[in-house]
Amino acid sequence: MKTNVQAVVIGGGLIGCSILYHLTKLGWRDVVLFERDELTAGSTWHAAANIHGLHDSTNISRLQHYTMNLYKELERETGQGCGIFQPGSLYLAQTEAREHQLRLQAAKARRYGMNFHEVSRQEAERLHPLVDFDGVRCIMFEPDGGNVDPSGVTNAYAIGARNLGAEIHRFTAVIGTEAQPDGGWIVRTTKGDVRTDWVVNAAGLWAREVAAMAGLSLPLVPTEHQYFVTDTIPTIATFDRRLPSVADRDGEYYLRQEGLGLLVGAYEKDMRFWAEDGTPLDFGRELFPDDLGRIEDNMMRAVARVPALGEVGIKRVINGPMIWSPDSAALFGPVPELQNYFCCCGIIPGFSQSGGLGKLSAEWMVEGEPTLDMFGWDLARFGAWADKNFTRARVKDQYTHRFKIHFPNEEREAGRPVRVRPAYHLQKQMGGIFGLNFGWEHPLWFSVDGEPTEETIGFTRQNWWKPVGREVRMLREAAGIIDISNFARYSVTGAGAENWLNAVFANRMPKAVGRSCLTPMIGRKGGVAGDITVTRVADHEFLVIGSGMAERYHQRFFRDVALPEGTSFRSMTASMAGFNVAGPRARELLQRLTNTDLSNSEFPFMQSRRLQIDGVDVIALRVSFTGDLGWELHCDVERQCELYEALLRAGRELQAGPVGSRALMSLRIEKGYGSWGREYSPEYWPHEVGLGALIKPDKGDFLNREAWQSVAKLQPRYQLAMLDVQAKEADATGGEPVFLSDGTPVGQISSGAYGYSVGQSLALAHLTHGAARAGDSVNVSILGRPHAATILHHPPFHPQGVRLRS
Ligand SMILES: Cc1cc2nc3c(=O)[nH]c(=O)nc-3n(C[C@H](O)[C@H](O)[C@H](O)COP(=O)(O)OP(=O)(O)OC[C@H]3O[C@@H](n4cnc5c(N)ncnc54)[C@H](O)[C@@H]3O)c2cc1C
């Protein structure tokens with residue numbers, strides 16, 4: 001057994017074996033996998049193993065597409081059969097919303113060269129003669145859809161990895177993982193110890209127990225899941241081909257051919273958790289007793305759609321465990337608080353995703369970062385706030401609504417609230433409608449004067465569209481008070497603070513007290529890992545403000561640069577709150593509450609002061625993400641209500657009032673401002689998204705400077721463009737593909753919103769560099785249908801920033 005390796009993978013299920021395989025593909029030969037039992041012993045062996053390529057998230061579709069294509073390649077490479085059947089998948093839409101979803105996915109497929117297209121009912125009946133298509137308004141076909149053999153695929157990954165030098169030790173349990181001072185780990189197993197650079201937790205059903213060995217708690221909980229296989233259906237026996245699988249998600253079941261019968265599975269409403277307090281260590285290749293009564297409703301819908309199903313008996317039922325994260329997406333990536341500890345856990349559609357997950361995991365460990373932006377799957381999207389109750393409530397919601405459409409802007413209620421600030425109750429009384437941001441409740445918009453008190457969801461404009469418009473107009477015409485407490489705030493203090501910040505961020509840190517700067521943080525491959533505002537509030541004290549949802553994600557980068565002795569770094573996100581007061585009357589509003597002179601000459605743009613607002617101490621920054629005249633005010637969280645009430649009181653006299661984050665989205669898009677996680681991500685280089693000028697290479701070294709230098713000399717691959725879209729019933733929201741008028745794909749939308757103060761439906765897009773110019777016409781696939789759009793020369797709201805600086 002190797003005793004000193006680059007990576008130890010814990011778990012020989014589908015995912016662990018794929019990671020091992022992909023690590024060897026990227027050149028790591030000293031890699032070992034430990035499996036406590038036989039390979040596939042967890043969730044893997046009993047899976048239905050259906051494979052799909054399309055997903056609502058574009059990057060997940062790309063990863064699934066890679067996986068679907070990999071299986072055949074894997075068979076060729078290893079000689080191990082993967083039991084691949086790709087008769088295709090039919091996707092049925094029974095509702096208008098589902099039709100929008102499928103059409104959007106088809107448009108994305110065209111953008112990325114994937115095969116997913118509409119077929120007529122006649123063609124669908126030819127493809128699957130057993131399906132009754134009545135009531136179906138749109139049918140899509142994915143020719144590569146189908147299923148694989150769980151054990152074949154897992155063993156193929158294992159063989160491929162072994163062929164390239166990896167070791168696999170079956171019946172060898174990991175019983176301890178101990179961090180070492182050199183950044184590596186000692187992994188203790190039932191057959192001896194191994195020293196490794198990286199630990200990979202791919203322990204599936206036991207991911208929580210393995211994590212606990214490193215002192216880590218993962219928000220995961222297992223559930224039961226059932227499917228059944230029928231006896232032979234005589235008609236199927238007459239076909240000389242395999243029938244496509246059927247994704248009738250409005251019917252809430254999945255269905256495909258298995259042998260000469262059918263396999264049907266369902267995520268029942270009456271779901272069951274399993275092993276909530278810990279997966280038994282002696283749980284083997286076991287299944288739970290059948291409980292088909294719980295999936296009866298789903299079964300009846302499947303029988304109505306495929307009547308032949310009701311004419312035969314059930315041959316076998318599988319009721320097995322699978323383990324879920326709160327949003328049913330993977331818990332993926334290096335743990336920010338630990339050195340070289342990687343997780344790839346909580347995988348639900350493992351067979352659609354194993355290849356892509358293995359590849360991106362390997363890239364992350366070997367190359368420092370994955371090639372795709374994986375924030376939506378990054379385990380850093382959750383913090384300690386995602387506790388057991390939250391996880392349980394969210395998993396229940398996810399499981400029971402597995403096939404429900406996740407609409408853009410949808411905020412699910414389950415498990416909330418988890419974290420609230422003092423102003424929450426006041427905001428609630430004021431009609432606040434809330435969203436979840438890294439565990440915090442934050443107001444999306446305010447319902448006043450008979451406006452709807454609950455928001456509707458859908459792909460088209462919803463009932464919040466008008467109230468948000470009212471808030472935008474109020475801010476642009478008078479002023480608005482936006483709760484920005486959900487921004488992440490850090491305090492960096494001490495004699496070494498300036499040097500440390502200069503070593504982390506790419507811009508030059510402000511020299512004078514009261515000055516602020518905007519700065520990118522550079523990712524390990526030269527892309528944008530963060531966009532941050534740094535303010536020097538005292539000689540040796542800086543306030544750093546970044547994206548709230550990226551708080552834990554950014555720790556990975558902050559940790560990369562050691563803090564000089566005597567310098568401290570503290571998160572102030574929970575202990576401070578903030579408001580942005582913006583709009584043409586913002587100065588007038590604030591001046592009523594402070595003796596500090598707020599005139600442009602005394603308090604210019606991009607400067608900061610400590611001052612009092614109605615007796616509350618605040619750090620005031622003359623910046624605003626709205627593109628309007630404005631100040632950000634940051635105070636102790638205990639004084640949040642006092643400050644808020646004072647601002648609201650002064651605002652009332654000026655026809656100003658509370659504004660939520662939906663309006664902020666519209667306001668910043670009108671101004672063309674990018675936002676982290678949308679326009680800015682490690683996938684994009686700074687000079688592709690307009691941040692190149694903020695990088696100051698002559699200031700000395702900074703984090704990932706070499707990576708940036710190597711991309712900075714390359715031609716940009718993308719350009720960030722502002723589009724004016726001819727949209728009447730729905731605005732772009734992000735992810736919609738963009739095509740030239742001849743159908744050539746040229747990019748995708750990063751953010752979209754209606755620009756209420758300019759009367760245009762607007763969108764920001766990453767377009768292929770040089771493919772289109774300002775003034776050109778393009779098409780945006782909103783709702784999956786082409787919407788004419790023009791590339792604008794400038795953002796429509798005050799492109800010169802006159803209001804901002806006046
Ligand atoms: C009934 C059912 C149907 C499903 N159908 C589908 C489907 O149609 N399509 C699809 O894509 N997905 C499906 N899935 C989900 C799929 O099974 C999972 O996504 C996948 O198996 C997850 O693989 P994994 O490697 O992450 O976890 P697991 O398969 O649980 O593997 C983890 C491995 O780690 C090992 N291990 C744990 N602790 C230790 C330790 N301390 N030391 C050493 N080894 C350890 C375990 O023994 C186990 O082998 C289904 C699941 C169920 C339950």
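Leaving aside its neighbours within four places in sequence, which residues is F332 in contact with? In this predicted model, F332 touches F342, C343, C344, L357, L360, S361, W364, M374, W377, D378 and L379.

Let's follow that residue inwards. F332 belongs to the largest nonpolar core, a group of 48 residues. Together with I19, L23, Y157 and W377, F332 touches the most other members of this core. Several helices and strands each supply at least two of its residues, among them β1 (4-10), β2 (31-34), α2 (58-78), α5 (150-163), β11 (192-201), β18 (341-345) and α9 (350-367). The most comes from α1, which gives 7 residues. There is also a second, separate core, and its members include V187, A275, L338 and F438. In soluble globular proteins, nonpolar side chains tend to be buried together.

Here are the two cores side by side:

| Core | Number of residues | Some members |
|---|---|---|
| Largest nonpolar core | 48 residues | I19, L23, Y157, F332, W377 |
| Second, separate core | 37 residues | V187, A275, L338, F438 |

Now for some empty space. The second largest pocket has a volume of about 570 Å³. It is lined by 25 residues, and those closest to its centre are S217, L218, P219, A386 and D387. Two helices, α6 (207-213) and α10 (388-400), each supply at least two residues of this lining. Of these, α10 provides the largest share, with 4 residues.

What classes of residue make up the lining of the second largest pocket? The lining is a mixture: 11 residues are nonpolar, 9 are charged and 5 are polar.

Definitions and conventions:
Residues are numbered from 1 along each chain as its sequence is written. This is a predicted model: local features need pLDDT of at least 70, side-chain atom pairs count only at pLDDT 80 or more; totals for chains, interfaces and linings use all residues. Side-chain values use heavy atoms; hydrogens and water are left out. On a 1 Å grid over the protein atoms alone, a cavity is a set of points where a 1.4 Å probe fits but cannot get out, and a pocket is an open set with protein on both sides within 12 Å along at least five of seven lines; lining residues have an atom within 4 Å of a point. Grid points are joined across faces, edges and corners, and a volume is the space filled by probe spheres set on the points. Ala, Val, Leu, Ile, Met, Phe, Trp, Tyr, Cys and Pro count as nonpolar, Asp, Glu, Lys and Arg as charged, and the others, Gly among them, as polar. A nonpolar core is a set of buried Ala, Val, Leu, Ile, Met, Phe, Trp, Tyr and Cys residues joined through side-chain atoms within 4.5 Å. Buried means under 20% relative accessible area, exposed over 50%, partly exposed in between (1.4 Å probe, protein chains only). Contact means heavy atoms within 4.5 Å.
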